[in-house]
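Student: I have a structure to look at and no idea how to begin. Could you walk me through it?
Tutor: Sure, take a look and ask away.

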Amino acid sequence: MHDGQREILLDVRNLRVEFGKSKKNRFAAVDNVSFHIYKGETFGLVGESGSGKTTIGRAIVRLNETTAGEVIFKGKKINGDIGKELDKEVTRKIQMIFQDPMASLNERAKVDYIVSEGLYNIKNYKSEEERKAKVEKALMDVGLLPEFLSRFPHEFSGGQRQRIGIARTLVMEPELIIADEPISALDVSIRAQVLNLLSELQKSKGLTYLFIAHDLSVVRFITDRLAVIHKGKIVELAETEKLFKNPLHPYTRSLLSAIPLPDPKREKEKVLEIYDPGCHDYKDDPPEWIQIEPEHFVLGNHKELEQYRARLCQR
Amino acid sequence: MSNAKVNKLSDGLNENLFEFAEFDDKEAQRAGYSNYSYWRSTWQVFIRNKVALFLLVLMTVLILFTIIQPYLPDQKLPTKIYIDSKTNMQLRNHPPDSEFWFGTNSIGQDLWSRIWSGTRTSLLIGIAVGIWEAIAGIMIGALWGYVRVLDRPITEIYNVLDNIPVTIILILMTYIMRPSLSTMIIAMCMTGWLGMARFVRNLIVIIRDREYNLASKCLGTPTGRIITKNLLPYLVSVIMLRMALAIPAAIGYEVFLTYIGLGLPVSIPSLGNLINEGRALMMVKSLRYQLIFPAIVLSMVTISFYVMGNVFADAADPRNHV
Amino acid sequence: KQPTTAGPAEVPQEYRTVYSGEITTLNYLTTASTNEFALAANFVDSLIDYDRYGVAQPCLATEWKLSDDGLVWTLKLREGVKWVTHEGKEYAELTAQDFVDAMKYVLDSKNESQTANIAYSVIKNAEKFYNAEITDFEQVGIKAKDKYTLEYTLEKPTPYFLSMLTYVCFFPVNGKFLSEAGDKFGTDNANILYNGAYMMETYEPQTRRVLAANENYWDKENIYIKKITQTYNKEAATLAPELVLRGEIDYAELPSSIIDEWMKDETKKDKLRPQRTTFYTYFYCFNFDPKFPAEFEPDNWKTVVNNLNFRKSLFHALDRKAAMLTSEPYDPEKRILNTITPKNFVDLDGKDYTQIGKLADFTNTDSFNSKLALEFKEKVLTELKGKAKFPVKVLMPYNTGMTEWTNRAQVIEQQMENLLGTDYIDIILDPKPPTGFLKDVRRAGNYAFLECNWGPDYADPETYTDPFTPDNNYNWPHLAEGYKEANGKNTYENMVNAAKAEVLDMAKRYTLFAEAEAFFIDQAFVIPYAAGGGGYLASKLNPFESQYSPFGLSSERYKGQKVMEKPMNSEQYTEGLAIWEKERAEALKAAK
Amino acid sequence: MIDSKIILSVSDLVVKFKLRGRVLTAIREASLDLYEGESLAIVGESGSGKSVFTKTFMGLLDGNGWVASGSILYNGENLARFKTEDDWIKIRGKNIAMVFQDPMTSLNPLKTIGKQVQEAVELHQGLKKEEAKKAVIEILNDVGISEPERRYKQYPHEFSGGMRQRVVIAIAVACRPRILICDEPTTALDVTIQAQILNLLKRLKKKYNLTTIYITHDLGVVANVADRIAVMYAGDIVEIGNCEEVFYNAQHPYTWALLSSLPQLGVKGKPLHSIKGTPPNLFYDIKGDAFAPRNPRALKMDFVEKPPYFTVSPTHKAKTWLLDPRAPKVEPPESIAILRKQWRLSKDA
Amino acid sequence: MLRYSLKRLAQSLATLLIILTIVFLLMRLMPEEGYFGQAYEKLDPAQREAILTSMGLRDPIPIQLKNFYASLLKGDLGKSMIYRPKVSIAEILKVKVPYSLYFGLTAVAISLVAGISLGIIMARSKAKIWDKLGTGYIVFINAVPAAVYYLFLQLYVTDILKLPILFKPDQPVSWILPAISMSLGGTASYAMWMRRYMVDELNKDYVKLARAKGLRNKTIMVKHVFRNAFVPMAQYLPSTLLYTISGSIYIESLYSIPGMGGLLVDVIQRQDNTVVQALVLIYSSIGIIGLFLGDILMAIFDPRINLQKKGGAR
Ligand SMILES: Nc1ncnc2c1ncn2[C@@H]1O[C@H](COP(=O)(O)OP(=O)(O)OP(=O)(O)O)[C@@H](O)[C@H]1O
Ligand SMILES: Nc1ncnc2c1ncn2[C@@H]1O[C@H](COP(=O)(O)OP(=O)(O)OP(=O)(O)O)[C@@H](O)[C@H]1O
Ligand SMILES: [Mg+2]
Ligand SMILES: [Mg+2]
């Protein structure tokens, strides 16, 4: 795991995304964000609502324009103006699963079309039969019956819909899947189905995930490495277990403390740690993005880093 | 409820019911679904509305009738002038009787056949204009709403076209082309799509940023297909409603054009012409039938299309299918 | 002496109407619209006027005389006639210079007078002045000899000059007022002066106008109606009959569509009467210069139209009564004309022009004769066998803006085709929009057979020959084959020219014109059809009290008329008409 | 808890909806006793009827729905019989108040926050103008909105989701109800805010002595707030008991399935437990146990007859034939065992 | 806000310029004969030329266009050529506009009050008798041509109530019927839209919350739903109000109201170019300003709307 030689699939460097046309309304939803994702891993991104998670995801699939920074996929820069060929390839190789299974499926199209949509676009089939076969296979892959092809999305439950959403990305044979809160709209029982499916697919197809969520218990279960983002800035990044064991940044800690536990006794004794962004004193001493222990990065100024190190030693 | 009571309740039941049932994974998935076809369900929802069904039958019969009417036995020609055998002159303003079911007009033409021929003309205009409005309006409206770079230019073009008085265009048209059915249709088509385009555009702007469209974009779906597959199907119901209204609107507009003198030549019977001719006779009791019959037919057509459009709009929404 | 239709004196002498055609201007020197003439006639008097029998009477001119060469007219003006403002205030006295100033205004092309051509067609050097070939107005043939003496010099002797004086372009204007008003002249009731029987008290375009009797009028004893209120209503044609029934107005023309209803209802029937015909004349033209699209076979048409028998077959096949039913269902004959010049237009010593010479034969027979029509058809079929294609395509356009015309076109198509057979003619109705109708159809020669009309410009038979001169564009009869004479001109043209040249002997002149017209009809260059006007109306005015003239503005004057208690009915009208015709004949004789 | 007074008693409630000419049964003979001062959590998957169930207490069913049978006793009155608006006006707000799921849409976008809270204050506390405004500001302060004076004049769109949810809670609390129903009060919010809101609700409950019903499908939330838990499936309460009882000694297969699906149970690299299939179609009559088709441990009996409540303890009962003495002994699934072990461990720690 | 307004107005000015130019050119395509009305026949060619020249129609088109804009710049709408020759257009309009405004505004007021009330009643009793009656009315108004029912009302109502048929400025009773007739169509469409928006709005969550608060239905209707449902209609209100100056062609013709109705059609048919251009200028400006005011009104009603913000990505 600590092998520095692992292949980096996606490298995001100093990414900045701004919204708002006029100078007055302009603000950076994502500010100087850097991270990389290894091939085959599940990389998590957590943070409160509006912190810029979706924006990062969308910037990677090029739904949002980037203001500065680079997104490098398999060694090629894919943000900004890119050629047609590369565009096609990237479209195919990076896919996205959307948050809301109710909203992300075209209600007026049959499952058949929804799943084949990507195929039509990249035309990687030779005959109608082959397309059918591919679609059916994708459906089976996500545990749905081929007979569902002729139905409409509103006939499915949330979990099934989300699986259709996954099936449609699978036909593209992607390498990186950006899963933008794929489970937050689902209830517990269905949530498990989808998570299982995602891990299963990862195993069988060697997929890489960028998994965006705010449910930390899920994130802990599914991700290998985890970045915590707050107001457009990544504040901490580490291997998941390491992060859960040694959360350094106050925001991370508050986030972890808030995880609801399905255990009445413990949950009722739980103490919240409340994060106050005002606790930082960045005026004279701007924060830096520092690897504080192997594969564990944190954002902090000198004083804070000192404290963090001290805490690490305590453990 | 106590356990004892429960026991009593199930005493009569076979003991071997308390064995495990077989569990089928696939069956569990299937639970609760029926087979389903979109158009069939749409149709079913539609015909469940008795009024709509009745009107549909009525309109079908009406349209069929306008088509076959000339071929029925004993039908008169809509433009033929009938001569009164007694005076040897035109059979003017002959009240309805067994020979002339709806009477004759002021030059002795049979109103029964004129009304059907007029309905035929007006429906033809209405449907042609309606279809064109749908095609042009939807195409332009969709591009206008969906393709962001086109928004401003088309908006400007729209503002310009919308503010040029239609009358000028109509007068120029009839001047250049001579009044006829096709001129009328072309004239209405020239301006009719504007409203539709704007309507479609507004609808598209509402749904264009929905997540499923982003999803399609991620899959690399070209704009054209996003429009036809992702956007328009959502608009089917409202577009149908507008289409349904476009037909009576076209007829109503024809009445207006006739009123300001830009209508069809009087020799081509149309509901617009018949009503305009009849209007002058409103105060003339004995001749009022010349207004009432076409007005009834026109109202019937309008109401039918309006109601059917509404019901169809509901029915076309798959969420309303059970 | 008069029919005693005028009501008792206690009937309030206020007259109310609705109208749908709004006037655009009160500038009587520029307008050519009848609506505007109708007002101008009551505001401004002309030099001479006609009485109710159509006999010329002194008006602003008390006496006049013509020089022996027939070129110079000298008129003595009435003294003490006043110009007043719309509030009735005196402004100035009428002088001869006022006529000169008016003429100068009319002849200045910048003022866009639409009647200037009438003036410059007779007055010496006027046309040159209009076209700016001369700039000195002194050279134009109009002079104020002194305050009350006016002199016109004509280009050539013009026997009907006197009748032209009742036309607007010969009306006077106060020069000072005109130059003060400038462009504003005639734009509203305050911007003109009045010397006629009425002033316009209120002028609210598209609302109403109120005319009040002029207290300073020179002949104010003859003004009976004290106030005239005209209310604008775009739907007047539809609403006026109802308004008359409810007593809200005193005059309504009844559209043919509702006459049945009125005739059947006793109380309504008592309120309606026929209306006089006008001097507008309608006739069907054969086009001798077809320029319509090839699909309608213009060459074939040219072949057949140059065949007299073909024309005659159509001439006799047109059932004008059937056609007339579309506009005059109750008394179609009243409007039907067998000549181009209508009855009662001019007369020769009490003998109506239409009864002169050969013209009388046509006047007194109906051209419709199915037997003759079929005979001619047979002749044509043998004569033109192989030369022309049958059925002949007869392109007949009509104006879609006019319902009656449209109806008529349909009636004629079916009637003629039924009579002559569709193996012989195929009448093709061609709907054309009102916009640019004449330009596209008649003047373009884009028709084979077309309903046309013409109104007189002066009281002389010559006026009805104008449409058929080579430089006019009705149906180009000079191109008809088989009529060439030695001078290279057509027989008809030569006949008309001969008549025109006769300027001194009225009897001879009229006879020559009548002969030309008879020839024209006999050779079926056109099919005479009808006079304008007619129809029915409900009115509280007595038409026989009104001034009578075939041309000019005299007949538009309210002077001398009274509002009756209730509308005149048909019996009273017929009775009145008979009396009037008798008295007129006497009056005309007496006038000689 | 069981000793305290019953404040609301629902028995055999059936709620139906008419949809395009067909009738669906959303609540099937559900019964529930609510005790004064307790906080009850209703859990269950989406569409199981949690919201519909509670809405009947306030007469807020959609127009196409109606109570077909059963009774809801409150204060000696049967709410199920209420028809007119006047009846309900006595209940709504004053006695029972509700916090809705979606803070984004629960507020009128065109009215200021202050006005919307004030409406409730004026209506139920009988305060006027200035006084009312003061009360509003106090309540806003209570629910943790900083600078309440400034916020008073702002519109909902100027508030973040968490703050809007606080406002909705403030409105409910401002009515001074006896029962507060929170319909998924935190689903739309992120964890930190969710935790804060839950704390807030607990605090308010104490302060105003409210009886609360929480509706959620998040077991973590349940563990946090609930005294008792009712598990709902397909329109019926299949298991109900004290919080610990349901968590630590669940009896119904559906409750087992719910608990098994918790990600906390997951072992990296191994699949989580999940419930197969989909809930039943409510348009059809359900025969027997509604959960049976998805239950790997279903008995044949489950397809024949609807199970009655079997009492597990005085406070704990469940509707499953597995509790019938005649049924084979069934151990809860392995995952439940693991869960129990985890809990024991945490207890030890 | 100010900057935004200025920017928008500048854009509108460009649009206006284009519209005017196009209309200007279209009018020159009309047949010359049209400038003379019936008089054409009796004029001789020289005379026609003279008249056309003095009307300025013989100048090359670019020059005509230039003259037109030059006088516009001076704030001069010009003078009528045919409709009322030599009368300044401003003067013509000055008389007519007040009538149209009066009737238009009254009709809009009536239809707003009646239509919105009807819409509310219909929304409240959805699918019950009132809803059906209201729908019947809406359908009727849409089905029967206005030309027919206007005339019908005029003739029969005046007959029954013994009112004058025609409008008389000095007779207040004669004002009533035209205003009411004119409002019928508006009433139907306001009722239709009000019902639609009310029903939409009634399904929103905040209504549920308001109900849960213990507010009475009536209070909710008045204090919450009505205002929210009115917002989408508010956008059209300024245009509707402004457009009342264009009058109603049918009503004004039937009742002899000297308003603006049909003036445009009339002058186009009579080819009074200057008046056409002036009217197009006025109506287009109204359209553009109405749209703008509508947006502003919406922003006032709805605090969420920020006019300056534009849609985001891609
Ligand atoms: N198209 C856009 N235009 C303007 N601002 C936007 C746009 N999309 C996102 N933002 C803003 O950017 C910020 C980050 O949004 P983003 O959707 O990335 O957050 P998130 O972390 O995904 O939140 P959530 O958990 O609610 O999905 C937010 O403040 C949001 O309002
Ligand atoms: N107005 C309605 N018309 C028809 N069916 C309805 C209506 N309201 C609710 N239902 C149905 O009743 C059932 C229960 O719905 P309810 O909203 O109570 O579910 P829930 O348990 O609250 O779900 P969630 O967790 O998604 O809020 C669902 O199947 C739903 O479709
Ligand atoms: Mg997001
Ligand atoms: Mg209508």
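**Reading the model step by step**

Tutor: We'll begin with chain E. An unreviewed UniProt entry marks "transmembrane region" at residues 12–30, 101–123, 135–153, 173–193 and 275–301 of this chain. Keep in mind that this is a predicted model.

Student: So what is the fold of residues 173–193 and 275–301 of chain E, helix or strand?
Tutor: To read a span like that, look at its helix and strand content, then at the distance between its ends. Residues 173–193 of chain E are 100% helix and 0% strand, with the end C-alpha atoms 31 Å apart. Residues 275–301 of chain E are also 100% helix and 0% strand, and there the end C-alpha atoms are 37 Å apart.

Student: Where does UniProt put the "transmembrane region" feature in chain B?
Tutor: The unreviewed entry lists residues 51–72, 123–145, 157–177, 183–200, 231–251 and 287–308 of chain B. Try the reading on two of them. Residues 51–72 of chain B come out as 82% helix and 0% strand, and their end C-alpha atoms lie 29 Å apart. For residues 157–177 of chain B the figures are 90% helix, 0% strand and 25 Å between the end C-alpha atoms.

Student: Is helix 9 of chain B mostly covered or mostly open?
Tutor: For a question like this, go residue by residue; buried means under 20% relative accessible area. Helix 9 of chain B spans residues 211–218, and eight of its eight residues are buried. Among them are B:Glu211 and B:Lys217, along with B:Leu214 and B:Cys218. After helix 9 of chain B comes B:Gly220, which has a positive phi near 80°.

Student: How do I read a metal site? Which protein atoms are the donors of the magnesium ion, ligand 4?
Tutor: Find the protein atoms that serve as donors, then check the distances. For ligand 4 the donors are the O atoms of E:Ile141 and E:Val144, at 1.8 to 2.4 Å from the ion. Both residues are buried.

Student: And ligand 1, what surrounds it?
Tutor: List the neighbours, then pick out the polar contacts. The shell around ligand 1 includes A:Phe19, A:Glu48, A:Lys53 and A:Thr54. By class, three shell residues are nonpolar, six are polar and three are charged. Helix 1 of chain A (53–60) and strand 2 (27–38) each supply at least two of them, and helix 1 gives the most, with three residues. As for contacts, a polar backbone atom of A:Gly50 sits 2.7 Å from an oxygen of ligand 1. A backbone N or O atom of A:Ser51 is 3.1 Å from a ligand 1 oxygen, and a side-chain N or O atom of A:Glu181 is 3.0 Å from one. On its own, ligand 1 exposes 630 Å², and the protein buries 65% of that.

Student: Let me try ligand 2. Which residues are the closest to ligand 2?
Tutor: The closest of its 16 surrounding residues are D:Ser46, D:Gly47, D:Ser51, D:Asp62 and D:Glu184. Polar side-chain atoms reach ligand 2 oxygens at 2.6 Å from D:Ser46 and at 2.4 Å from D:Ser51. D:Ser48 comes in with a backbone N or O atom, 3.3 Å from an oxygen of ligand 2. Ligand 2 taken alone exposes 630 Å², of which the protein buries 74%.

Student: Which element gives the largest share of the shell around ligand 2?
Tutor: Helix 1 of chain D, with three residues. The shell as a whole has six nonpolar, six polar and four charged residues.

Technical notes:
Residues are numbered from 1 along each chain as its sequence is written. Chains are lettered from A and ligands numbered from 1 in the order in which they are written. This is a predicted model: local features need pLDDT of at least 70, side-chain atom pairs count only at pLDDT 80 or more; totals for chains, interfaces and linings use all residues. Side-chain values use heavy atoms; hydrogens and water are left out. Donors are N, O and S atoms within 2.8 Å of the metal (3.2 Å for Na, K and Ca); water is not among the atoms, so sites may look incomplete. Buried means under 20% relative accessible area, exposed over 50%, partly exposed in between (1.4 Å probe, protein chains only). UniProt positions are given in the numbering used here, feature names are shortened, and annotations may be inferred rather than shown by experiment. Helices (H or I, at least four residues) and strands (E, at least two) are DSSP runs, numbered from the N terminus. A residue is near a molecule or strand if one of its heavy atoms lies within 4 Å of it. A polar contact is a pair of N or O atoms within 3.5 Å; within protein, one must be able to donate a hydrogen and the other to accept it, and residues adjacent in sequence count only if both atoms are side-chain atoms. Accessible areas come from the Shrake-Rupley method with a 1.4 Å probe; for residues, only the protein chains shown count as cover. Ala, Val, Leu, Ile, Met, Phe, Trp, Tyr, Cys and Pro count as nonpolar, Asp, Glu, Lys and Arg as charged, and the others, Gly among them, as polar.
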